Amino acid sequence: MDLSELTQAVVNGKRNDAVAGTTAALDAGAEPSTVLDALIAGMEEIGRRWKANEVFVPEVLIAARAMKEAMDVLEPSLIEGGVKPEATMVIGTVKGDLHDIGKNLVAMMWKGANIQVHDAGTNVSPEDFVKAIQESGAKVVGLSALLTTTMPAMKETVEAIRAAGLSDVKIIVGGAPVTQAYADEIGADGYAADAVTAVDKARELIAG
Ligand code: B1M
């Protein structure tokens, strides 16, 4: 399989082909970083199609699953070859909120962009977000909320992160009821309406 076929396997969510293609490319002596680029290109194409309304949540989910399974195969070679993730980020759904489908989608898209993701889960208290950031050394944190009643927990989390002296940590917020205006109001550094935009926003914030 050539690497463009590997990219297509991710785009089409063909997880068996993505895993077999990754294995074959490594066995044939391809550089792990080149294989990674081919996989990332697949997720970027899915991102482009999502923005163009050519694909929807199910297609993104199966592409992300193919990407994840291929990454499981590739990861040991990447580590051996010294290829490091672009950044480390924490993500979680805020206190009181159990919705995790959108949050998981953002986490998968971030992983697909070569970002190491520490998923703190759902119903994460402000204190636990602070702890997760401190323990992982993340420079970006993503907060998700799906309920109007849990949006205030987003504000409390931003305040707790700032109060802990983590002023260099960038905060991205998102979720159906969240808006750019709300992000501005609570002092978040970024807002993303969907999982694809969350990748663009994360890259923008990492770049400073
Ligand atoms: Co709930 N729920 N739910 N629910 N639920 C909503 C959100 C609701 C709009 C339904 C409705 O009434 N029409 C409503 C909220 C009303 C409001 O506050 N405005 C609601 C309610 C009221 C509730 C309960 C209170 C119901 C009850 O018990 N009375 C309860 C609360 C439980 C709790 O959290 N404490 C509840 C429970 C549940 C289930 C457990 C049954 C289940 C969640 C399962 C799970 O997540 N594992 C559930 C579901 C599935 C939904 C709906 C149907 C679907 C949500 C979803 O997964 N969408 C939802 C109605 C709807 O949206 N149509 C609803 C798909 C997902 C891909 O989209 O999560 O929006 P979304 O994520 C998007 C973007 O928002 C964005 O990117 C994602 C992909 O593009 N995004 C981010 C999300 N997080 C981001 C973070 C980022 C950036 C972008 O940066 C960090």
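**View 1. Ala160 and its contacts away from its sequence neighbours.** Ala160 is in contact with Pro126 and Val130, leaving aside its neighbours within four places in sequence. Ala160 belongs to helix H7, residues 151–163. Ala87 serves as a reference point: from Ala160 to Ala87, the C-alpha atoms are 22 Å apart in space. In sequence, the two residues are 73 residues apart. As in every view here, the model is predicted.

**View 2. The cobalt atom of the ligand and His99.** His99 is the only protein donor of the cobalt atom. The donor atom is NE2, at 2.2 Å from the metal. His99 sits in a loop. That loop runs between strand E1 (87–94) and helix H5 (101–112).

**View 3. The shell around the ligand.** The ligand is surrounded by 25 residues. Leu98, His99, Asp100, Ser144 and Thr148 are the closest. By class, the shell divides into 14 nonpolar, eight polar and three charged residues. H5 gives the largest share of the shell, four residues. Strand E3 (140–144) and strand E4 (170–174) each supply at least two residues, as does H5.

**View 4. Polar atoms facing the ligand.** Asp100 approaches through its side chain: an N or O atom there is 2.7 Å from a nitrogen atom of the ligand. Ala176 and Ala195 approach through the backbone instead. For Ala176, a backbone N or O atom lies 3.2 Å from an oxygen atom of the ligand. For Ala195, a polar backbone atom is 3.3 Å from an oxygen atom of the ligand.

**View 5. The open sheet of five strands.** The strand order is E2-E1-E3-E4-E5, and the pairing is parallel. Strand E2 (115–124) and strand E5 (190–191) stand at the edges. Each has a single partner strand, so one side of each is left without a neighbour in the sheet.

**View 6. Strands E3 and E4, with helix H5 on the sheet.** Five bridges join E3 and E4 in the parallel sense. Within this pair, Val140 has Lys170 of E4 as its bridge partner. H5 packs on the sheet and touches E1, E2, E3 and E4. The direction of H5 makes about 170 degrees with that of E2. H5, E3 and E4 also appear in the shell of View 3, each with at least two residues.

Terms used. Residues numbered from 1 in each chain as written. Predicted model: local features only at pLDDT ≥ 70, side-chain atom pairs only at ≥ 80, totals over all residues. Heavy atoms only, no water. Donors = N, O, S within 2.8 Å, 3.2 Å for Na, K, Ca; no water. Near = heavy atom within 4 Å. Polar contact = N/O pair within 3.5 Å; in protein donor to acceptor, adjacent residues only side chain to side chain. Nonpolar A, V, L, I, M, F, W, Y, C, P; charged D, E, K, R; others polar. Pairing = 2+ DSSP bridges. Contact = heavy atoms within 4.5 Å. Axes fitted to C-alpha atoms, helices over the stretch in contact; angles between N-to-C directions.
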